Amino acid sequence: MVVEEGETPRSPEAKLGMQVEDLWDVQEPQLSPTEKLNACFESIPVSAFPPSPSQGNISIPSINLIPDPVAFFGTVIEIRSDTSLADAVKLLARHKILSVPVVDVEAAEDATWIDRYIGVVEFAGIVVWILHQSEKMEGSSAFDFALNGSDHDVGPAVAAAAGGISSPRFRSMHPDSPTATCGKFFETLTSSDFYKNTKVGDISGSFRWAPFLALQKSNSFLTMLLLLSKYRMKSVPVIDLGDAKIDTIITQSAVIHMLEECAGLHWFESWGSKKLSELGLPLMKPSHIIKIYEDEPVLQAFKLMRQNGVGAVPVVANDGSKAIGNISIRDIQFLLITPEIYKEYRSITAKNFLTAVRSYLEQTRSESPLLSGILTCHRNDTLKEVIMKLDSVKIHRIYVVDETGNLEGVITLRDIISKLVHEPRGYFGDFFDGVLPLPANSRV
């Protein structure tokens, strides 16, 4: 959407963009464009984040869906701590989200938000849990661990999945291990009582100060943008202290959508019209790109994501540096929800994974970024063009390629936001004291 001068904005996002425009016009002329944007976003509270029409309540067993007037997806989804891992995976997949806050079923009705939530369950934590199960299979000739798993077996997996940002160092997968060679691994795992009986409360991670890092409505847009970029948060919950609940969840994707809706405004064009090379993008050198070759086990892709703290990896052809596809952290869902599509494969390699999933999506007429292939751009493209591409397909990263299609780098939503604002000196000096008020009766 392009907003012409004098035109009434056609979206809440564009309306917010015009609010930034008004603030931009009154900034001191000697300030740089980035300093102006910093001042603008510091003046806007996160409570101004554009609302979307409420989609109402959806009744799902063990899941609370709370009408949310602020979140882009129309609802804030909460899941009970006694929900099974299998149901959690289905929930995340159905609503196309990466994580969901977990409500403690044992919390009192009048509990503070810190006591009401125990953390989040996310695809990244589920990946760690899956990798732990595969590690237990190394050198095994059967699937006894899945068929006969007991509560005692959950311990190490829980510790790994709840480890937050840090991830365990898993052993390299041997080419002859069951994980690498057998297409029935996930059919066996997902049909086992061990998988069905594992609860999200067992694998939901937590922060040292509280169940998760959250903002209050009065915190600024600048604070939110810095948390999503420099401080590497995928989403930021905004807490309503009065209701002791999450009021909204602001994601990187929602911010990118907001930026896309602001195209045409002066402040956006002064920034977005620049070429990637002018802005120093991509940040990563070609030699530092985390990638997986097409004949490697698909679990190796998820292992690399966890070890390197990235949300996706490109799948590269064995004979060069051209990417043939992309596997993201959320794609673990296709191993857990549709394990039957791999039963004909003796080895679930990255290439076989992409082939099987694309075939499944075409047959079921489902929408997924995996169907559109890998998203690419060039160094001479403008940031505006990249934002338009990312928002149109709802993907979190785009790969920079040369004229012949060889990988030159990767640009993430976080990289884009980091070029919009910067952290002022001492900005977060007392942030954690102010943003996480600890009630007197808190257990933290």
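## Strands, loops and a pocket in a predicted model

Strand S8 (residues 292–293) and strand S9 run parallel and are joined by two bridges. The model is a predicted one, and the description below starts from this pair of strands.

### The sheet around S9

In the pairing of S8 with S9, Tyr293 stands opposite Val316, and Ile292 stands opposite Val315. On the S10 side the pairing is antiparallel, with five bridges between S9 and strand S10 (residues 323–328). One of the residue pairs there is Val313 with its bridge partner Ile327 in S10. S9 and S10 form a hairpin, and six residues lie between the two strands.

Taken together, S8, S9 and S10 make an open sheet of three strands in the order S8-S9-S10, with mixed pairing. S8 and S10 are the edge strands, as each pairs on one side only.

How many of the five residues of strand S9 are buried? Five of the five, residues 312–316, are buried, so S9 is largely enclosed by the rest of the structure. In general, side chains in a regular strand alternate between the two faces of the sheet. In S9, Ala312, Pro314 and Val316 point one way, while Val313 and Val315 point the other way, and all are buried. Val316, opposite Tyr293, and Val313, the partner of Ile327, thus point in opposite directions from S9 because they belong to the two separate sets of side chains.

### The sheet around S12

An open sheet of three strands is also found in the order S11-S12-S13, and its pairing is mixed. Its edge strands are strand S11 (376–377) and strand S13 (407–412), each of which pairs on one side only. Strand S12 (residues 397–401) runs antiparallel to S13, and five bridges join the two. Within that pairing, Arg397 stands opposite Thr412 in S13.

### Backbone geometry in the loops

Most residues other than glycine have a negative phi, and most peptide bonds are trans. Several loop positions depart from this pattern.

Ala244 is not a glycine, yet has a positive phi of about 60 degrees. Ala244 lies in the loop between strand S6 (235–240) and strand S7 (245–251). Arg365 also has a positive phi, near 55 degrees, and is a residue other than glycine. Arg365 is found in the loop between helix H17 (350–364) and S11, the latter being an edge strand of the S11-S12-S13 sheet.

Are Ala244 and Arg365 buried or exposed? Ala244 is buried, because its relative accessible area is 11%, under the 20% limit. Arg365 is exposed at 78%, a value over the 50% limit.

The peptide bond from Leu281 to Pro282 is cis, with omega near 5 degrees. Pro282 lies in the loop between helix H14 (266–272) and S8.

### Single residues and their accessibility

The table lists relative accessible areas for residues discussed in this report.

| Residue | Relative accessible area | Class |
|---|---|---|
| Cys40 | 0% | buried |
| Cys262 | 0% | buried |
| Gln27 | 17% | buried |
| Lys90 | 45% | partly exposed |

Gln27 lies in the loop between helix H1 (12–25) and helix H2 (33–42). The Gln27 side chain reaches the backbone oxygen of Leu23 at 3.0 Å. Gln27 counts as buried because its relative accessibility is 17%.

Lys90 lies in helix H3 (residues 85–94). Lys90 and Leu336 are 246 residues apart along the chain, and their C-alpha atoms are separated by 8.9 Å. At 45% relative accessibility, Lys90 counts as partly exposed.

Cys40 and Cys262 are both buried. A disulfide is a covalent bond between the sulfur atoms of two cysteines. With a limit of 2.5 Å between cysteine sulfur atoms, the count comes to zero disulfides.

### The second largest pocket

The second largest pocket has a volume of about 170 Å³. Which residues lie nearest its centre? They are Val103, Ala107, Ala108, Glu109 and Arg116, out of 13 lining residues. By class, the lining has six nonpolar, six charged and one polar residue.

How values were computed
Residues are numbered from 1 along each chain as its sequence is written. This is a predicted model: local features need pLDDT of at least 70, side-chain atom pairs count only at pLDDT 80 or more; totals for chains, interfaces and linings use all residues. Side-chain values use heavy atoms; hydrogens and water are left out. On a 1 Å grid over the protein atoms alone, a cavity is a set of points where a 1.4 Å probe fits but cannot get out, and a pocket is an open set with protein on both sides within 12 Å along at least five of seven lines; lining residues have an atom within 4 Å of a point. Grid points are joined across faces, edges and corners, and a volume is the space filled by probe spheres set on the points. Ala, Val, Leu, Ile, Met, Phe, Trp, Tyr, Cys and Pro count as nonpolar, Asp, Glu, Lys and Arg as charged, and the others, Gly among them, as polar. Buried means under 20% relative accessible area, exposed over 50%, partly exposed in between (1.4 Å probe, protein chains only). Helices (H or I, at least four residues) and strands (E, at least two) are DSSP runs, numbered from the N terminus. Two strands pair if DSSP finds at least two bridges between them. A polar contact is a pair of N or O atoms within 3.5 Å; within protein, one must be able to donate a hydrogen and the other to accept it, and residues adjacent in sequence count only if both atoms are side-chain atoms.
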